[in-house]
Each structure stands twice: as structure tokens, then as C-alpha cells.
Amino acid sequence: MDILDGFATLFANPTALGFVALAAFIGVVIGALPGLTAAAAIAMLVPLTFYLDPLAALAFLYVIGKSGRYGGSVAAILFNTPGTTASVATMTDGYPMAKRGESVRALRMATVASVSGDLIGDIILIFGAALIATQTAKFGPPEYFAVYMMAFLVIGSVVGASVIKGLLATVLGIAVALVGLDPITGQARWTFGVLELENGFTLVPLLIGVFVISELMVQAEARLTGQQARVIDRASGAGAALRWLDVRPLVGVITRSALYGAVIGIMPGLGSSVAAFVAYGEEKRRAPDGHEWGTGKLAGVAAPEAANNAVSGPSMIPLLTLGVPGTTVAAILMGVFLIHGIPIGPTLFVAAHDLVYGLFAAGLIGIVLYGLIGWFFGPAIGRAIAAVPAGLVYPAIFMITLIAAYTGRLSLWDVQVMLGAGVLGYAMRRLGFPPAAFIIAFILAPGAEEALRQSLLLSRTGWTIFITEPVAAAFLTVGVGVALWRSLRPSLRTTP
């Protein structure tokens, strides 16, 4: 089987295997830090991957994304502060359990659900991605441009609270990506006479600025306004142990929630937050004791955690088969593929077969490792984080970002871009514009431009090629349909 080849590839690379183990630990710790997301941590660590082989680099960041999703449950349960957006749903029942002295029980339930959901999602990824890739391999430039446009419309209209703001953030990302020299004519575009802009903006400074620097600004503002995470230390007490008798009735809840998360993960732009809340709401509706959810029920921890982590694997399917990242983590991984000169798309399963299945194997091992870390050391990690003053953590992170931005090209210009992107990211957050839509559009724009120009060169009828080609027209229809549905949804909610 292909996945066995992947394990052979991974175990033949001790460096990659070591970074998988390191990533499992780092992800849990980063996810458990209130306010610092896994995406921000991955963005900060991207420069490190310049010095690693492709498998080690990709496996490192991929597993951080997985374990970081789980780590958010530690902050949600112990601190009543979501480590990730998706863990808000976990907090609803996890924190009341912790207040009763059942934090270990809640954390272990989150671990079981997260590992189970992640495994189900990865099985779908391993067996579904290659099958889809055989179909997308037949696509030409018109189909790929239509896919890019669908991604712009879907992600722009879904990831934020406002469709207009999401689409404007997407347009801004496209505009920033077009700065520099035209790839065909060599003419400068939107450089305003600044020599450094002729090479365009690079991904790493923008990533670090938009996600990490803006997050540090948000945290600094929270401290100035007196918003502190509440920490409790209830690692022992009645009912602390999690038994098989507790888990067995929840097998159906975990399985269904994982399937919700897997389906949502395949759809670009929705992500783990949507999956967690959909699973929580649906399972609460189905549960006989649904009226008691929110008071500290194990099922209320299991459902969102299973769905949250089940997103991880399937969210890679649109990236690997179409070159379209559906989540922020997938977008960053796409950047790492490009940094190492590996073309993304359906040919990846032929041109880099061992790399892809080695990455899948790394994901499976990462799931087991973060599960063990969470089961045995989750409460200890929470207490350790609570003991470290935030006044030390965030300045240290800021210094690391400065080093990371500079070392990529040994350029102070990149540091300036990072700081400017941080201000932009902070402004976007405060004004309700989704930073994820901006970054994903920035990454996709060059490919969309290339596909557009190739399509128009192939066409004898100009722009109508995107309508006359059935597959391209179908993708465009989906994109427009999602954008319209998302636009009309608020009015539909008010309709009796």
C-alpha cells in the first residue's frame, strides 16, 4: 500500500522523524497558550524550514497544526480561555467540569475525541486524495482559473462575519501579490518608485506580521485593558479518572462529529471553528440530556474536539489535488511546498509520491504522539503555562519574530514589511476583515494570473472560454452560488 511506502520513507529520514516528535510537543504547548494560535506559531517557524529537507519541513509544520488544534482544549478547559477559536465550543462544558475538580477527566476526554477524530480525518485524506487527484489531473488552464476564482469567492465570503469585508480582504491580498515586475513584460507594477518593491512581497514576513505581530498587539491591548485569563488548578478531585465506561456511550458522538468535521474540512474556507460548532449543536440536539449541556457534560467536550481535529486531514485534499488551500495552515504549507520548489496539484502524487505519503505517515505518528502527551502531561502543561508570566512570554515571541523575518533573506526590508503587515493585520482584526482571506488570496494570486493568461492565449473567443468549458463553468457557478447564499443568509434567518 502507498501509506506503507510513506512509513518507510519517514523512518528512513531520522531528521524528519525527530521533527515530528518535536512538533507534537510544540503544537500542544502553543495551542494551550491563551491567544496564540497554531497558525501564528507555524508562521513564526516557517524560516526554520529553509534549512530542512522538504519532508522534515512539511512534517514539522503539519504536525504542529494538528497538535495545536488539540492544545487549544487545554486552555479552554483549564483557563476558560480558548487556545484556538474552535475550542470555544469545548470551553462550554470543559470549564464547568474543571470547576467541579474534573479537569483531568475533561482533558482526557478531549484527548480521546481529538485523536479519534484526527485518525478518521486522516484515513479519508489518505484514501480520498489520490482518487480525487486522478480526476483533477485532466484539468487545463481554464479549469484551474475557475478553481482559483471559486476559491476566492468561497473563502472571501465564508471565513469572515461579513461577505463584503471578506471579499475586500481577498481583493487586497490579490493586489498585494501583484506588486512587483510583470512576469511576462517585465514592467513594474504598483512599485511607486520603491526599488525593493520590484521583487514583490515575500510570504514569510507577511505571514509573521499578519498572524503573529497582530496577535501580540491584541494581547498587549488585552493586558492594558485588564483582560486576563482565569486559571484554575483542579488537577485532582472526585471523578478525575476517565474510564472506558465513560467513553463507550460516546463512540457514536465521536464518530458522527468526526464525519461532520471531515466533510466541512474538505470545503475551502470553513475550517475547524465551523466544524466544532456544527458538531456541538447537532449532537446537543440529538442528545436526550441536551438541555443539560453547558453544565459540564463529557459529550459536550467530545463532540467539538472530534470535529475540530477531523478537519486537519481532509482540509489538505483541496491543497494537494487542486493547489487551493482551504485553511490558513494549509496556505502556509503551500508556501513551504513552493519554497522547496515542489509544484502543487494532482501531479504531486506522481512527481513526489514518497514525499506525499511520507507526510501522511508523519501525520499519523503525530496524532499518536500528541495523544500520549495530552493524556499524561496535559494538566502539567497547563500548570506550567499558568506559572509563566505573560510579560515574559510575549516579548520573547516578539524577539523571535524579528529574528525569523530577518534571517530569511538577511534583509531589514523584510523586518519592515513584517511590522507593517502586523499593523495591517491588527487593523483588519479590529475592523472585522479576515486576515486568513488576505493571506490565502496572496498565495493563490500568482497561480490565478498565470492560469488566466494561458486560458486567454488558448481561447479563440476571449473570456467566454470560462463559460463554454463545462467544468470551468461549474466551478464558477459554485463560487458565485456560495457567495450569494452567504450574502442572503442573514435575511433568510429573519424569514419565518
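## An unusual loop residue

Trp190 is partly exposed, with a relative accessible area of 49%. That value falls short of the exposed class because exposed means over 50%. The model is predicted.

Trp190 sits in a loop. Strand S2 (188–189) comes before this loop, and helix H9 (203–224) follows. The backbone of Trp190 also stands out on inspection: its phi is positive, about 55 degrees, although the residue is not a glycine.

## Overall fold

The chain holds 22 helices and 2 strands. Its radius of gyration is 22 Å, and the globule rule gives 23 Å for 496 residues. The two values are close, so the chain is as compact as a globular protein of that length. Along the principal axes, the C-alpha trace spans about 75 × 55 × 45 Å.

Contacts reach far along the sequence. Take those with a separation of 6 or more: 78% of them join residues 24 or more positions apart.

## Inside the chain

Of the 496 residues, 55% are buried. The largest nonpolar core has 146 residues. Within this core, Phe337 and Phe360 touch the most other members. Helix H4 (residues 54–79) gives the core its largest share, 16 residues.

What does Phe337 touch, leaving out residues up to four places away in sequence? Its partners are Leu58, Leu320, Ile342, Ile344, Leu348, Leu355 and Leu359. A second core is separate and has 5 residues. Among them are Ala275, Ala279, Ala307 and Val311.

## Outer surface

The chain exposes about 20200 Å². Carbon and sulfur atoms supply 69% of that area.

One nonpolar patch on the surface covers about 420 Å². Val368, Leu372, Phe376 and Phe377 make it. Where does Phe376 lie? Phe376 belongs to helix H17, which runs over residues 353–387. Is Phe376 buried or exposed? The relative accessible area of Phe376 is 53%, so this residue counts as exposed.

## Points to look at in the model

For the interior, start at Phe337 and Phe360 in the largest nonpolar core. For the surface, turn to the patch that includes Phe376 and Phe377. For the backbone, go to Trp190 and its positive phi.

How values were computed:
Residues are numbered from 1 along each chain as its sequence is written. This is a predicted model: local features need pLDDT of at least 70, side-chain atom pairs count only at pLDDT 80 or more; totals for chains, interfaces and linings use all residues. Side-chain values use heavy atoms; hydrogens and water are left out. Patches are made of residues with over 30% relative accessible area and no salt bridge: like charges are joined within 9 Å, nonpolar side chains (Val, Leu, Ile, Met, Phe, Trp, Tyr) within 5 Å. Accessible areas come from the Shrake-Rupley method with a 1.4 Å probe; for residues, only the protein chains shown count as cover. A salt bridge is a side-chain nitrogen of Lys or Arg within 4 Å of a carboxyl oxygen of Asp or Glu. Helices (H or I, at least four residues) and strands (E, at least two) are DSSP runs, numbered from the N terminus. Buried means under 20% relative accessible area, exposed over 50%, partly exposed in between (1.4 Å probe, protein chains only). The radius of gyration is taken over C-alpha atoms; the globule rule is 2.2 Å times the number of residues to the power 0.38. Contact means heavy atoms within 4.5 Å. A nonpolar core is a set of buried Ala, Val, Leu, Ile, Met, Phe, Trp, Tyr and Cys residues joined through side-chain atoms within 4.5 Å.
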